Amino acid sequence: MQVAESAQQAQHSQRSRLFDRIMSVIFLICAVLLVAIILSVIFFIASQSWQVFVQGGVGFFQYYFGSFWDPTGASGSPAYGAGGLIIGSVVTTVLAMVIVVPFAIGTAVFFTEAAPQWVIRILQPLIEVFTGIPSVVIGFLGLVTIIPVVQKISAPITGNLPTGGYGWATAILVLVIMVLPTTLSISIDSLRAVPDSVREASLALGSTRWQMMWRAVIPACAASLGTAVVLGFTRAIGEALAVSLVLAGAQIPAWPWSLAVFFQPNVNITQQIAQNFQETAGTAQYAYWTLAFTLLVITLIFVSISRFLSSRSVYK
Amino acid sequence: MSLQEALPVQAADEARVSALRRLTQRLSVTNTIALIILSLITLAVGALFIWIIIYLIVEGFTTLITPTFWGTTEAGIAPQIFNTFYILILTEIILVPVSLAGAIYLVEYSPQGRFIDVIHFAAETLSGVPSLVLGMFGFLVFAVYAHMGISRLAGALTLLCLNFPLALRLFEQALQSVPNDLREGALALGATKWRAIRTVVLPTALPVIITGVILTAGKIIGESAALIFTMGLFNPGNVFTLNPLIPSNTLTTWLYYLKGPGAGTTGLTSAQETAVAAGISAVLIILLLLINLSARAIGRFIQLRTTAA
């Protein structure tokens with residue numbers, strides 16, 4: 001009787017140990033799935049993107065340095081010059097970040113070092129809401145509020161262009177709204193990671209508050225602030241629909257440019273993909289895949305930089 | 001003699017003192033100016049955020065109180081609301097078990113070291129991939145290669161790829177918030193690892209897990225770029241079915257279509273399109289605020305419980 005019971009118990013515990021093993025394998029598969037996803041994203045997009053050079057017979061140089069983009073051949077013969085789109089992405093991203101960085105870091109410094117409690121209580125939830133704001137909503141906001149203003153301001157420059165207001169300038173402002181909350185919240189995290197002893201040491205040496213922020217706290221987390229900026233770049237260059245709504249162009253304006261180039265319909269990488277990818281096939285679609293792969297490589301570089309910077313940061 | 005010697009020393013002292021005074025004055029002026037500039041920057045950012053929320057809600061308000069806006073005609077968003085919540089639930093059904101399982105492996109089973117680093121690096125990389133590019137990937141792999149077509153299922157799987165890194169991180173944090181004593185107690189009583197996780201770790205971490213689910217829900221509701229190629233921009237005749245293999249639009253993609261590629265082709269006047277778009281924006285903002293508030297409420301509940309215990 002007792003023997004049978006203990007045998008049953010042994011069997012039971014063996015079964016539950018087996019079950020434990022099976023569950024751990026299932027969990028392992030789910031964790032590895034993440035690696036599988038990122039590898040297959042890179043693999044499938046790469047495998048589509050080189051086709052434009054192989055099957056389409058487009059020259060590498062012609063693709064990246066040509067400035068006329070018309071893969072479907074709407075205006076005669078197809079043209080695969082992605083240079084203009086890349087310039088569009090670079091210009092809007094860089095200028096947006098030039099505006100974002102001082103605002104994000106300035107706000108983050110004030111927020112963590114000097115802000116009274118009530119400011120924190122108001123701003124904290126606002127930042128959280130805005131990091132998740134849908135990009136089309138900001139795009140819509142750009143259409144109904146920013147474009148009319150930009151159009152009015154730029155009227156003397158563009159010569160009252162009816163489509164004035166669309167273009168890089170508005171796209172930059174939209175990107176600022178999209179990227180600011182992300183950069184801000186990562187900056188706040190990195191400033192908060194600096195231990196109070198750094199602040200106290202600086203103040204005890206007789207620093208003013210500003211000296212404490214500028215000479216002690218910011219250098220102490222410079223690397224992780226760098227991460228915040230790089231992740232802002234990643235977000236800005238990949239931003240698609242908001243920018244697409246306010247760019248509304250088909251080609252980059254012809255060289256030479258005046259200041260008006262910022263205030264007329266224009267292009268970037270994501271806008272062209274969002275607008276045209278679905279309606280294409282064959283070589284034209286491969287051309288869009290190459291754009292996607294270019295974007296993917298750029299963001300991979302940014303992620304690597306941010307990883308390098310965060311490995312260099314002292315306080316995490 | 002001594003008096004004559006002392007005089008220049010005093011003068012030098014005075015010079016030094018006044019130099020020091022000037023220095024402190026300069027420092028304090030710099031300090032004041034810097035703090036004023038910083039507070040103005042903060043004020044500008046805060047005002048921008050508040051203005052955007054108020055503007056969007058006020059702009060959409062007249063649409064929100066129009067009954068046709070909630071109907072099923074071209075000017076109504078009932079199908080889009082249904083689709084949005086359908087895709088939200090479908091995605092969460094796949095996302096939560098998969099990413100929770102991954103997080104359980106990383107926190108409970110995996111030894112510290114290289115393997116975790118690889119997974120984290122993969123997660124960081126995947127979360128850096130633009131959602132538009134991920135949408136193209138989803139179109140190729142799920143819609144074309146896996147023969148799902150442009151469908152809700154393809155959209156949900158793409159959203160899984162998009163939100164996996166975030167969900168994994170949130171769930172990892174949730175599991176890490178469970179004190180080790182509880183695990184050790186369960187294991188000491190002879191429970192297998194899985195039993196300890198199921199009966200002790202998961203119930204303790206549940207509120208934080210729910211917060212994580214809510215936060216990913218916010219991201220899913222707001223996502224658009226990943227969906228335009230995988231779920232399409234149009235609805236079939238009847239959207240109010242649970243069929244996962246039909247294309248459909250959501251609040252966000254419909255807003256994009258109305259003001260972007262589809263402007264002027266929807267059978268609405270331009271003013272009507274703008275009104276509907278404003279209404280959708282207001283709905284999205286209100287949903288987002290609700291999601292945030294509930295996540296905060298749960299967070300406060302957790303804090304209360306841990307401080308009471």
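**Helix packing and buried residues in a two-chain model**

A:E113 is buried, with a relative accessible area of just 9%. The model here is a predicted one, and this glutamate makes a handy place to start looking around. A:E113 sits in helix 4 of chain A, the run from residue 83 to residue 114. Leaving out residues up to four places away in sequence, A:E113 touches A:L191, A:R199, A:R209, A:M212, A:M213 and A:V217.

A:Q285 also counts as buried, because its relative accessibility is 16% and the cut-off for buried is under 20%. A:Q285 belongs to helix 13 of chain A, which covers residues 282–312. Once its neighbours within four places in sequence are set aside, A:Q285 is in contact with A:F277 and A:T280 from chain A, and with B:F139 from chain B.

On to the nonpolar interior. The largest nonpolar core has 195 residues, and the members that touch the most others in it are A:Y63, A:I273, A:L291, B:V276 and B:I280. A:I273 can be followed a bit further: not counting residues up to four places away in sequence, A:I273 touches A:Y288, A:L291 and A:A292, and on chain B it touches B:L132, B:M136 and B:F229.

The two chains also meet through a pair of helices. Helix 6 of chain A (residues 135–158) packs against helix 8 of chain B (residues 251–259) at an angle of about 25 degrees, and their axes are 9 Å apart. That angle makes the two helices, helix 6 of chain A and helix 8 of chain B, roughly parallel. Helix 6 of chain A passes helix 8 of chain B in a left-handed crossing. On the chain A side, the contact is made by A:V136, A:V137, A:F140 and A:L143, while helix 8 of chain B brings in B:T252, B:L255, B:Y256 and B:K259. Sorted by class, the residues of this contact come out as six nonpolar, one polar and one charged.

Chain B has some helix pairs of its own, and helix 7 (residues 193–222) turns up in this one with helix 6 of chain B (residues 180–188): they pack at an angle of about 145 degrees, with axes 9 Å apart. The crossing of helix 6 of chain B past helix 7 of chain B is right-handed. Here B:L182, B:R183, B:A186 and B:L187 of helix 6 meet B:K193, B:A196, B:V200, B:V201 and B:T204 of helix 7. This contact has six nonpolar, one polar and two charged residues.

Helix 7 of chain B also packs with helix 5 of chain B (residues 152–176), at an angle of about 150 degrees and with axes 9 Å apart. Helix 5 and helix 7 of chain B are therefore roughly antiparallel to each other. Helix 5 of chain B, too, passes helix 7 in a right-handed crossing. From helix 5, the contact includes B:L159, B:L162, B:N163, B:L166 and B:F171, and among the helix 7 residues they meet are B:V201, B:L202, B:A205, B:V208 and B:K219. By class, the contact between helix 5 and helix 7 of chain B has 16 nonpolar, three polar and one charged residues.

Last comes B:I37, which lies in helix 1 of chain B (residues 2–64). B:I37 counts as partly exposed, because its relative accessibility is 46%. B:I37 and B:F240 are 203 residues apart along the chain, and their C-alpha atoms are separated by 54 Å.

Note on methods. Residues numbered from 1 in each chain as written. Chains lettered and ligands numbered in written order. Predicted model: local features only at pLDDT ≥ 70, side-chain atom pairs only at ≥ 80, totals over all residues. Heavy atoms only, no water. Axes fitted to C-alpha atoms, helices over the stretch in contact; angles between N-to-C directions. Helix = DSSP H or I, 4+ residues; strand = E, 2+ residues; numbered from the N terminus. Parallel < 35°, antiparallel > 145°, perpendicular 65-115°, else oblique. Left-handed = near helix turned anticlockwise from the far one by under 90°. Contact = heavy atoms within 4.5 Å. Nonpolar A, V, L, I, M, F, W, Y, C, P; charged D, E, K, R; others polar. Core = buried A, V, L, I, M, F, W, Y, C linked by side-chain atoms within 4.5 Å. Buried < 20%, exposed > 50% of the residue type's maximum accessible area, 1.4 Å probe, protein only.
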